[in-house]
Amino acid sequence: MRTILEMQKQLLPDLMEILKKRYTILHQILLSDVIGRRTLAVSLNMTERVLRAETDLLKAQGLIEIENIGMRISDSGRKLLEALEPIVKEIFGLSNLEERIQKAFGLRKVVIVPGDSEASPLTKKELGRAGAKALLGAMSSQDVVAVTGGSTIAEVAEQLSPPANLSLKQCWFVPARGGLGESLEIQANTIASGMAKRLGAGYRLLHVPDLLGKEAYESLVGDPNIHDIVEMIREARIIIHGIGDAMEMARRRKLESSVVQELQKEGALAESFGYYFDENGVVVHKMLTLGLRLEDIKSTETVIGIAGGKSKAKAILAVLKFGHEDILVIDEAAAEEIVEEIERSESRKAE
């Protein structure tokens, strides 16, 4: 397929540009559910006149439906997008980035979506859709799935729908840790229950703060109800988690200034699972928290990391160097930064 595409790029470069443009329009309509022509033109940086000609063609092909409230994708358009996905990855150069990162870190699978999720809400939605697809592809009929919090994982939950060929009624979703005390919508408890409800699975919740003092920790860890749910969390076959910037997560956790200074001194770049990592993937700080421990993460069968945005690239890279990721779902902006760092590292070793 790649050889044919290369020949087409040489002989019919205009055709490739037209394909990319029409795919992007169709894809944006898919992510928007329903969208007006003016709004779509602005989001694509395209004039309404040019967009009208393109959407009229897509409608004539039965790929979109145009109503008074806006445009929506048709079933035929949805099927076409799914069939085009591997081809478009080649055209946009995403397949090369996926292979580069997969090989560099020995990952089972890397999925890259076009764009920058920090700059575009629609790219973040696509990141969630890709994460949902990766999760469903890894699940079997009696799994326990541990879920962290955060806006990206919340978007994954929004994009989940029951698979046609697999019953997940005997699966369980659990929070990986306690809550941060932030917006309810992006807490691990809320996301775990939301995922379970969308898939018809069961769920259990952990009603404790994420950050605990020593006395509170010792008191809660001995509680039979807390003990049961923590044991269930630690036996999860799948973990799906986000990756945060270390200083941003320290701020969200309202850590004491002395702890923040220590993190800065130790060179903390990334946070995940309540652990802080430096640029080499070394754990430089850990939270006293109920839920997943480092040894649990290391023994988990499938760990799925999802993150995006150019500014998150160093944090993602730090977690990758720590290891134990199996499936990585990121956006193009983060992927390009990561591959540049891989190439710089290889160049330094060669000198």
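Colleague: What makes helix H15 oblique to helix H16 in this predicted model?

Modeller: Helix H15 (residues 313-322) and helix H16 (residues 332-350) pack with their axes 9 Å apart, at an angle of about 60°. Roughly perpendicular begins at 65 degrees and roughly parallel ends under 35, so about 60° fits neither and H15 is oblique to H16. The crossing of the two is right-handed.

Colleague: Which residues meet where H15 packs on H16?

Modeller: From H15 come Ala313, Ile316 and Leu317, and from H16 come Ala334, Glu337, Ile338 and Glu341. Sorted by class, that contact has five nonpolar, two charged and no polar residues.

Colleague: Why are H2 and H4 called roughly perpendicular?

Modeller: Helix H2 (residues 13-32) and helix H4 (residues 48-60) cross at roughly 80°, and their axes come within 11 Å. The range for that name is 65 to 115 degrees, so H2 and H4 count as roughly perpendicular to each other. In H2, Lys21, Arg22, Ile25 and Leu26 meet Leu51, Glu54, Thr55, Leu57 and Leu58 of H4. By class, this contact has five nonpolar, one polar and three charged residues.

Colleague: How do you know that Arg22 and Glu54 meet in a salt bridge?

Modeller: The cut-off is a side-chain nitrogen within 4 Å of a carboxyl oxygen. For the side chains of Arg22 and Glu54, the N to O value is 2.7 Å, and they meet in a salt bridge. Arg22 lies in helix H2 and Glu54 in helix H4, so the pair ties together parts that are 32 residues apart in sequence. By this rule the count comes to 23 salt bridges. The general idea is friendly enough: side chains of opposite charge can pair when their charged atoms come close.

Colleague: How do you know that strand S1 pairs with strand S2?

Modeller: Pairing needs at least two bridges. Four bridges join S1 (residues 64-67) to S2 (residues 70-73), and the strands run antiparallel. One of these partnerships is Glu65 with Arg72 in S2. With two residues between them, S1 and S2 form a hairpin.

Colleague: What makes S3 and S6 edge strands?

Modeller: Seven strands form an open sheet with parallel pairing, in the order S3-S13-S12-S7-S4-S5-S6. Strand S3 (109-113) and strand S6 (202-203) each have a single partner strand, so one side of each is left without a neighbour in the sheet.

Colleague: How do you know that S5 and S6 pair?

Modeller: The cut-off is at least two bridges, and two bridges join strand S5 (residues 172-175) to S6. Trp172 has Gly202 as its bridge partner in S6. Helix H9 (residues 188-199) packs on this sheet, touching S4, S5 and S6, and its direction makes about 170° with that of S5.

Colleague: Why would the direction of H7 be called roughly antiparallel to that of S13?

Modeller: Helix H7 (residues 121-138) runs at about 165° to S13. Angles over 145 degrees count as roughly antiparallel, so this one does. Among the strands that H7 lies across are S3, strand S4 (144-147) and strand S7 (238-242).

Colleague: What makes S8 and S11 the edge strands of the sheet with the order S8-S9-S10-S11?

Modeller: That open sheet of four strands has antiparallel pairing, and strand S8 (244-245) and strand S11 (283-286) each pair on one side only. Three bridges join strand S10 (residues 275-277) to S11, with His285 in S11 as the bridge partner of Tyr276. H15 packs on this sheet, touching S8, strand S9 (270-272), S10 and S11.

Methods:
Residues are numbered from 1 along each chain as its sequence is written. This is a predicted model: local features need pLDDT of at least 70, side-chain atom pairs count only at pLDDT 80 or more; totals for chains, interfaces and linings use all residues. Side-chain values use heavy atoms; hydrogens and water are left out. Axes are lines fitted to C-alpha atoms, for helices over the stretch in contact, and angles run from 0 to 180 degrees between N-to-C directions. A crossing is left-handed if the near helix is turned anticlockwise from the far one by less than a right angle, and right-handed if clockwise. Contact means heavy atoms within 4.5 Å. Ala, Val, Leu, Ile, Met, Phe, Trp, Tyr, Cys and Pro count as nonpolar, Asp, Glu, Lys and Arg as charged, and the others, Gly among them, as polar.
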